[in-house]
Amino acid sequence: YHMIVSITNKHRRQAVISWIIAMTLAILIKFNVILPAMLDNSIHRWFANIQTGYGDVVMAIATFLGNPVVDVVYILILAGILIIAKLHIPAIWTIATIISGDVFLALIRIIVGRTRPVGHLLADSSSSFPSTHVFGLFIVIFIIAILVTPNINSTYTQVLINWISITIGLMTMLSRIYFNAHFFSDTVAAVLFAYSWVILSASLYPKLAIFLQNHIALLKHDEI
């Protein structure tokens with residue numbers, strides 16, 4: 001029986017590798033090990049030299065598109081579309097994935113407690129590692145990749161969706177470094193954590209779906 005949210009063992013292997021790399025980065029940064037720090041600082045300095053008025057505008061748009069509040073709006077729109085399509089359980093799963101992910105990320109941020117790069121905006125004063133903008137946005141991107149794209153018949157549309165989401169994702173990563181809001185490794189770790197979180201959540205989807213079907217009368221005959 002094929003569930004609406006389904007993943008392969010290859011996804012699971014990639015998620016485990018992503019998790020290991022992201023956790024390794026977290027440990028190295030927590031204990032201020034030279035390697036990520038050196039790379040981060042050189043990239044930070046390089047970005048400081050390329051700031052322009054035009055760049056500011058483009059990057060401000062990219063940062064907005066990845067804003068954690070905007071990420072939740074994307075998820076609510078996606079959930080709304082799923083509900084209209086009578087896919088209530090995938091809609092609940094989608095919302096649960098981003099909310100639980102944000103809680104998980106907040107814990108990692110508190111534990112690592114990395115200070116922001118020099119020159120960050122006052123609005124960005126919380127812990128730097130990993131980036132919540134990038135994490136939230138890539139949660140959306142990976143959910144679309146496993147839930148939406150595979151169910152679209154037109155290859156052209158599939159490619160278009162992938163291109164748009166990857167472009168916005170990369171632009172947001174760049175914008176966070178550009179505005180001194182994050183180091184390079186904060187953004188990379190955010191993508192890796194987002195991927196492993198979505199795959200973990202997708203692995204639990206069958207249990208959630210069957211639980212909701214059995215316990216909530218309204219969802220008894222829902223597609224899962």
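## Buried charges and a nonpolar pocket

Arginine 114 and aspartate 186 are both buried. The model you are looking at is predicted, and these two residues are a good place to start, since they belong with Asp40 to a network of salt bridges. From there we move on to the largest pocket, which holds about 340 Å³ of space, and then to two residues with higher accessibility values, asparagine 9 and valine 159.

**The salt-bridge network**

- The structure has two salt bridges, and Asp40, Arg114 and Asp186 are linked through such bridges into a network.
- In one of them, the side chain of arginine 114 meets that of aspartate 40 at 2.8 Å, N to O. Arginine 114 sits in the loop between α5 (88–112) and α6, while aspartate 40 is in helix α2 (residues 34–48), so this pair ties together parts that are 74 residues apart in sequence.
- Arginine 114 also forms a salt bridge with the side chain of aspartate 186, at 2.7 Å, N to O. Aspartate 186 belongs to helix α8 (residues 184–215) and arginine 114 to the loop between α5 and α6, so here the parts tied together are 72 residues apart in sequence.
- How accessible is aspartate 40? Its relative accessibility is 1%, so aspartate 40 counts as buried. Arginine 114 has a relative accessible area of 12% and is buried because that value is under 20%.
- As a general reminder, side chains of opposite charge can pair when their charged atoms come close.

**The largest pocket**

- The pocket has a volume of about 340 Å³. Its lining is made up of 13 residues, and those closest to the centre are Tyr74, Val140, Ile144, Ile161 and Ser165.
- Which helices each supply at least two lining residues? They are α4 (68–84), α6 (132–148) and α7 (155–178). The largest share, five residues, comes from α6.
- Twelve of the lining residues are nonpolar and one is polar, with no charged residue in the lining.

**Two residues to look at**

- Asparagine 9 lies in helix α1 (residues 9–30). With a relative accessibility of 51%, asparagine 9 counts as exposed because the value is over 50%.
- The side chain of asparagine 9 makes a polar contact of 3.0 Å with that of arginine 12. Serine 203 is 194 residues away from asparagine 9 in sequence, yet their C-alpha atoms are 10.0 Å apart.
- Valine 159 is part of helix α7 and, at 40% relative accessibility, counts as partly exposed. Valine 159 and valine 70 are separated by 89 residues in sequence and by 23 Å in space, C-alpha to C-alpha.

Key:
Residues are numbered from 1 along each chain as its sequence is written. This is a predicted model: local features need pLDDT of at least 70, side-chain atom pairs count only at pLDDT 80 or more; totals for chains, interfaces and linings use all residues. Side-chain values use heavy atoms; hydrogens and water are left out. On a 1 Å grid over the protein atoms alone, a cavity is a set of points where a 1.4 Å probe fits but cannot get out, and a pocket is an open set with protein on both sides within 12 Å along at least five of seven lines; lining residues have an atom within 4 Å of a point. Grid points are joined across faces, edges and corners, and a volume is the space filled by probe spheres set on the points. Helices (H or I, at least four residues) and strands (E, at least two) are DSSP runs, numbered from the N terminus. Ala, Val, Leu, Ile, Met, Phe, Trp, Tyr, Cys and Pro count as nonpolar, Asp, Glu, Lys and Arg as charged, and the others, Gly among them, as polar. Buried means under 20% relative accessible area, exposed over 50%, partly exposed in between (1.4 Å probe, protein chains only). A polar contact is a pair of N or O atoms within 3.5 Å; within protein, one must be able to donate a hydrogen and the other to accept it, and residues adjacent in sequence count only if both atoms are side-chain atoms. A salt bridge is a side-chain nitrogen of Lys or Arg within 4 Å of a carboxyl oxygen of Asp or Glu.
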